[in-house]
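Me: I'd like to talk through this model before I go back to the bench. Can you take my questions one at a time?

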Amino acid sequence: MIDLQSVTSESHLREAFGCFPSGVTAVCALADGVPRGMAASSFTSVSLAPPLVSLCIQRTSSTWPLLRDRPRLGLSVLAEGQDDACLRLSARHGDRFRDVGWEPGPDRSVFISGASAWLECSLHDEVPAGDHLIALLEIHRLSTAATPPLVFHGSRFRRLAAV
């Protein structure tokens, strides 16, 4: 029998959440002529019609307020080997784009070079959810590469293996 326990702490809950592997994305745009962006591992496909994806963003994020009103957002699905780019884009301080290759997109969107996929999006809706916001993004254009994605599992970056 499975021994289910009450949630005793955030670290206990974080450990359980870490059992589920996820890809890692970067959502970026130009704000005042400067690239702004952040990494998000809570990316999910939502709908084909209309084409929607979601990201979960901490309410305390200082970056999301700079991005949410941009006409277009660049969402890059980070690729295997982009661990350093992910760590930079996750940093709380400093230049997140130092040593991170990026390209400007339409309407001030920003895309990370070498990613597995690129989605040009706009904010469709935002839903409050506990200590996070669920941002629903509508996809306007996209491109994909034949590059394996960066995987995050158990608080570490991993690689996919063919079975």
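Me: Which residues does Ser76 touch, not counting residues up to four places away in sequence?
Reply: First the ground rules: this is a predicted model, where local features need pLDDT of at least 70, side-chain atom pairs count only at pLDDT 80 or more, and totals for chains, interfaces and linings use all residues. Residues are numbered from 1 along each chain as its sequence is written, and side-chain values use heavy atoms, with hydrogens and water left out. Contact means heavy atoms within 4.5 Å. On that basis, Ser76 touches Val24, Thr25, Ala26, Phe111, Ile112, Ala115, Ala117 and Trp118.

Me: Is Ser76 buried or exposed?
Reply: Buried means under 20% relative accessible area, exposed over 50%, and partly exposed in between, using a 1.4 Å probe and protein chains only. Ser76 has a relative accessible area of 0%. That puts Ser76 down as buried.

Me: Where does Ser76 lie, and how many residues of that strand are buried?
Reply: Helices (H or I, at least four residues) and strands (E, at least two) are DSSP runs, numbered from the N terminus. Ser76 lies in β6, which covers residues 73-77. The rest of the structure largely encloses this strand, because its buried residues number five of the five.

Me: Which residues of β6 point which way?
Reply: In a regular strand the side chains alternate between the two faces of the sheet. In β6, all the residues on both sides are buried. Leu73, Leu75 and Val77 point one way, and the other way go Gly74 and Ser76.

Me: Which strands pair with β6, and in what sense?
Reply: Strands of a sheet pair through backbone hydrogen bonds, either parallel or antiparallel. Here two strands count as paired if DSSP finds at least two bridges between them. β6 has four bridges to β2 (residues 25-31), with Cys28 and Gly74 as bridge partners, and five to β9 (residues 117-129), where Leu75 has Leu119 as its partner. So the answer, by that pairing rule, is β2 and β9, both antiparallel.

Me: What does Thr25 touch?
Reply: Thr25 sits in β2 and counts as buried, at 1% relative accessibility. Leave out residues up to four places away in sequence, and the contacts are Met38, Ala39, Ala40, Phe43, Leu55, Leu75, Ser76, Val77 and Leu78.

Me: How far apart are the C-alpha atoms of Leu67 and Gly37?
Reply: Leu67 belongs to α2 (residues 64-67) and is buried at 0% relative accessibility. Its contacts beyond four places in sequence include Arg36, Gly37 and Met38. Leu67 and Gly37 are 30 residues apart along the chain, and their C-alpha atoms are separated by 7.5 Å.

Me: Why do the buried residues of α3 line one face of the helix?
Reply: The buried ones are Ala85, Cys86 and Leu89. They line one face because, seen down the helix axis, they fall within a limited arc, taken from the directions from the axis to the C-beta atoms. That arc is 100°.

Me: Which elements do those buried residues of α3 pack against?
Reply: The face turned away from the buried side carries the exposed Asp84 and Leu87. The buried residues pack against β2, β3, β8 (110-112) and β12 (156-158).

Me: What is the volume of the largest pocket?
Reply: On a 1 Å grid over the protein atoms alone, a pocket is an open set of points where a 1.4 Å probe fits, with protein on both sides within 12 Å along at least five of seven lines; lining residues have an atom within 4 Å of a point. Grid points are joined across faces, edges and corners, and a volume is the space filled by probe spheres set on the points. The largest pocket comes out at about 1,500 Å³.

Me: Which lining residues are closest to the centre of the largest pocket?
Reply: The lining has 35 residues, and α1 (10-17) and β5 (52-58) are among the elements giving two or more of them. The closest to the centre are Arg14, Ser41, Cys56, Gln58 and His132.

Me: Which element gives the largest share of the lining of the second largest pocket?
Reply: That pocket holds about 190 Å³ of space, and Val34, Pro35, Arg36 and Gly37 are among its lining residues. The largest share is four residues, and they come from β3.
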